[in-house]
Amino acid sequence: MTTSAREAILAAFRRRGLPDRDEYLERVDDASAALDSEGGAVRPRDDRGLPGGLVRLAADAPTILLPDLHARSDFLVSVLLQPLPEGQTVLDALGEGALQILCLGDGFHAEARALDRWKRAYQEFAGGYAKHRAMDQEMRESLSLMEMVLVCKAAFPERFHFLKGNHENVLNEEGNGNHPFRKFALEGMMVTYWLERFYGRDFLERYAGFERRLPLFAAGPRFLASHAEPRRAYSERELIDARLDPDTVLGLTWTDNGEADPGAVRTLLDRFLPGVPGARYFTGHRTIRGAYRELSGGRHLQIHNPDRFAVAWIMPGRDFDPNLDIGEMRDISVDLRKSAR
C-alpha cells in the first residue's frame with residue numbers, strides 16, 4: 001500500500017499538465033468512501049448516522065500537524081517523503097501506523113505567492129477562458145496538491161486526516177457554513193467556472209461531496225485543532241453534528257482574530273482534555289510571521305506561515321513545546337523533480 005501510494009503521490013507531484021478527469025474522480029470517490037467508512041470511535045456518528053464533524057485521533061502515535069496548504073504540492077510532498085532518522089520516510093512511518101498526519105485544511109487557491117498569476121487568470125476569466133494558460137497553471141497546482149491528499153486518505157484512512165477549511169468550497173456557495181471566496185481576484189468563482197467548463201458539472205458535484213464529508217474539529221491526546229479559531233465553546237454534541245449546523249461550520253472555518261468569544265479555546269481544552277494543563281489548541285487560517293503566534297495566554301497556537309514548510313510535531317507522552325516542536329521540513333521537492341528526469 002505504501003509503495004503504490006508513493007508512486008501515486010510522485011506522479012501527481014511531477015505531472016506537468018492537468019490530471020485526467022475520470023482518473024481524478026476515481027481518487028475523489030476512493031477518498032469519499034474512506035471518509036464514509038470511518039468507525040464511530042474515530043468519527044462519532046451524527047444525528048443522521050453518518051461520520052460526524054469531530055475526529056478523534058489515535059492516542060498512541062506522534063502527530064505531524066500541517067497548516068493551510070494552498071496548492072503547495074511542494075510542501076506536502078516534502079513532508080510525506082521526508083527522510084527520518086530511522087532510515088524510512090514519513091510516508092513509510094504513516095503506512096506502518098507509527099505516526100499520524102493532521103492537515104488543517106485549505107487545499108485550493110495559491111495565495112500571495114501567485115498574485116501576478118491570479119491577475120493574468122482574472123483577465124482569462126473575464127474573457128470566458130478563451131485563453132486559460134494562467135488558470136490552467138493554478139488548477140494544476142491545486143489539483144496536484146489535493147490529489148496527494150485524496151491518495152493519502154484512501155490509503156491510510158485511520159492515520160491521515162484533513163479538516164475542512166474555508167477554502168473547501170468548490171461550489172463557491174453562500175450558505176451551509178460557507179461564503180464565496182475572493183481575495184486577490186475572484187478566486188472562488190474562477191475555480192468553479194473553470195472546473196465546470198473543462199471537467200463538467202458532475203466533477204464539481206462529486207468533489208463537493210468529498211468536501212462535505214470532511215471533519216471540522218480534531219481531538220488528540222494532548223491537543224485540539226480546527227481550521228480557524230472556534231467562534232465559541234461548542235459542546236461535544238454540537239461538534240459531532242457540526243455538518244448539520246451551518247453556524248458551527250462557519251464558526252470553525254471563518255472566525256477571524258478577535259471575533260471568538262473570550263475564553264472559548266480555554267473552555268474547549270478544559271472540556272475535552274481535563275487534567276492536561278499543557279494541552280494546546282492549534283489553528284491555521286490567519287497568516288503569521290515566524291514560527292507561531294500565541295493567543296489565549298499561550299494555549300492557542302496559530303501556525304500558518306505561507307512562506308515556510310513549517311509543521312508541528314506533537315508527541316503523545318509530553319507537553320508541547322513550541323520552541324522545540326515547531327520546525328521546518330527540508331524542501332526536497334526540487335530533488336524529487338530532478339530524480340524523474
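**Exercise 1. The largest nonpolar core**

Task: In this predicted model, find which residues of the largest nonpolar core touch the most other members, and which helix gives the largest share of this core.

Solution: Begin with the members of the core, of which there are 71, and note that Leu66, Ile101 and Leu195 are the ones that touch the most other members. Next, turn to the helices, where α6, spanning residues 133–155, supplies 12 residues and with them the largest share of this core. Then take Leu195 by itself: once residues up to four places away in sequence are set aside, Leu195 touches Phe108, Met139, Val170, Gly200, Phe203 and Leu204. Finally, look apart from this core, where another core of 19 residues lies, including Tyr234, Ile240, Leu273 and Tyr281. As a general background to this exercise, nonpolar side chains in soluble globular proteins tend to be buried together.

**Exercise 2. The sheet and the helix across it**

Task: Work out the order of the strands in the open sheet of six strands, and name the edge strands.

Solution: Following the sheet from one side to the other gives the order β1-β5-β6-β7-β9-β8, and the pairing is mixed. The edge strands are β1 (54–56) and β8 (293–295), because each of them pairs on one side only. On average, neighbouring strands of this sheet are turned by 25° against each other, with direction ignored. For one pair in detail, consider β5 (residues 217–219) and β6 (residues 223–226), which run antiparallel and are joined by three bridges; here Ala219 stands opposite Leu224 in β6. The last step is to add helix α11 (residues 264–272), which lies across β1, β5, β6, β7 and β9 and runs at about 145° to β7.

**Exercise 3. The largest pocket**

Task: Determine which residues lie closest to the centre of the largest pocket, and which element gives the largest share of its lining.

Solution: The largest pocket has a volume of about 400 Å³, and of the 24 residues that line it, Asn176, Glu211, Arg212, Arg213 and Arg243 are the closest to its centre. Two or more lining residues come from each of the elements α2 (21–36), α8 (201–212) and α10 (246–253). The largest share, four residues, comes from α8.

**Exercise 4. A residue of helix α10**

Task: Decide whether Thr248 is buried or exposed.

Solution: Thr248 is found in helix α10. Its relative accessible area is 0%, which is under the 20% cut-off, and therefore Thr248 is buried. Leaving aside neighbours within four places in sequence, Thr248 is in contact with Tyr234, Glu238 and Ala242.

How values were computed. Residues are numbered from 1 along each chain as its sequence is written. This is a predicted model: local features need pLDDT of at least 70, side-chain atom pairs count only at pLDDT 80 or more; totals for chains, interfaces and linings use all residues. Side-chain values use heavy atoms; hydrogens and water are left out. Two strands pair if DSSP finds at least two bridges between them. Axes are lines fitted to C-alpha atoms, for helices over the stretch in contact, and angles run from 0 to 180 degrees between N-to-C directions. Contact means heavy atoms within 4.5 Å. A nonpolar core is a set of buried Ala, Val, Leu, Ile, Met, Phe, Trp, Tyr and Cys residues joined through side-chain atoms within 4.5 Å. Buried means under 20% relative accessible area, exposed over 50%, partly exposed in between (1.4 Å probe, protein chains only). On a 1 Å grid over the protein atoms alone, a cavity is a set of points where a 1.4 Å probe fits but cannot get out, and a pocket is an open set with protein on both sides within 12 Å along at least five of seven lines; lining residues have an atom within 4 Å of a point. Grid points are joined across faces, edges and corners, and a volume is the space filled by probe spheres set on the points.
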